[in-house]
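Welcome! Take a moment to look over the sequence and turn the 3D view around. Then let us walk through it together.

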Amino acid sequence: VIVRQYREDLPQKSDIPVVALGEGQNLHLDPRNLSSSQLHLFEASASGQKVKFIVHRTPDQIVHVAVASCRACYKSQSLHYARNGVMVCGKCEHSMNFESKGRQANTNHCALVEIPHTESDRDVAVLAQDVLAEAAKLSR
């Protein structure tokens, strides 16, 4: 409890607000509201578990959805954070990159693990169960 309280009292490094979804609530976003290079940070929760995830549109219009942590930070509970439109590793202080389509990111451990999502002209949908499932894989 003391460690948890200490961590909660630390100054927040992230400059992006977290939007907490309701218990078991899925995310639905209008893709027109996703400007390129802007990072959107959300928190999914179900059955007492909470996991932060990001939605990001690249300049070439690709939408990425990923757990808001690299493997190293997730396993060690390091204080990763969002700053200037990127996720930053709490262990090495470098920006994290996206893994996608089965390819690993350029760095050894600072890769954001993609979460399955669906896209249409009117909706980007992320299921809470998919967020929690990908986060569970990180803790193994």
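## A residue to start with

Let us begin with glutamate 43, which you will find in strand E3. Keep in mind as you look that this is a predicted model.

Is glutamate 43 buried or exposed? Its relative accessibility is 16%, and buried means under 20%, so glutamate 43 counts as buried.

Which residues does glutamate 43 touch, once its neighbours within four places in sequence are left aside? Its contacts are Val18, Val19, Ala20 and Leu21, together with Lys50, Val51, Lys52 and Phe53.

## The sheet around it

Strand E3 belongs to an open sheet of four strands, arranged in the order E1-E3-E4-E5 with mixed pairing. At the edges you will see strand E1 (18–23) and strand E5, each of which pairs on one side only. On average, and ignoring direction, neighbouring strands of this sheet are turned by 25 degrees against each other.

Now zoom in on E1 and E3. These two strands pair in the parallel sense, over four bridges. To find your way, look for valine 18, which stands opposite leucine 41 in E3. Helix H3 packs on the sheet and touches E3, E4 and E5. The direction of H3 makes about 105 degrees with that of E4.

## Two nonpolar cores

Next, look at the nonpolar side chains. The largest nonpolar core has 22 residues, and Leu27, Phe53 and Val55 are those with the most contacts inside it. Several elements each supply at least two residues of this core: the strands E2 (27–29), E3 (39–46), E4 (49–57), E5 (63–67) and E11 (124–126), and helix H3 (128–138). Which of them gives the most? That is H3, with five residues.

There is also a second, separate core, made of 15 residues. Among them are Leu41, Ile54, Ala66 and Ala82. You have already met Leu41 as the residue opposite valine 18.

## A cysteine in a loop

Finally, travel to cysteine 110, in the loop between strand E8 (97–98) and strand E9 (111–112). How does its accessibility classify it: buried or exposed? Cysteine 110 has 2% relative accessibility, so it counts as buried.

Leaving aside its neighbours within four places in sequence, cysteine 110 is in contact with the cysteines Cys70, Cys89 and Cys92, and also with Ser95, Met96 and Asn97. You can also locate glycine 90, which is 20 residues from cysteine 110 in sequence. In space, the two are 9.7 Å apart, C-alpha to C-alpha.

Technical notes: Residues numbered from 1 in each chain as written. Predicted model: local features only at pLDDT ≥ 70, side-chain atom pairs only at ≥ 80, totals over all residues. Heavy atoms only, no water. Core = buried A, V, L, I, M, F, W, Y, C linked by side-chain atoms within 4.5 Å. Buried < 20%, exposed > 50% of the residue type's maximum accessible area, 1.4 Å probe, protein only. Contact = heavy atoms within 4.5 Å. Pairing = 2+ DSSP bridges. Axes fitted to C-alpha atoms, helices over the stretch in contact; angles between N-to-C directions.
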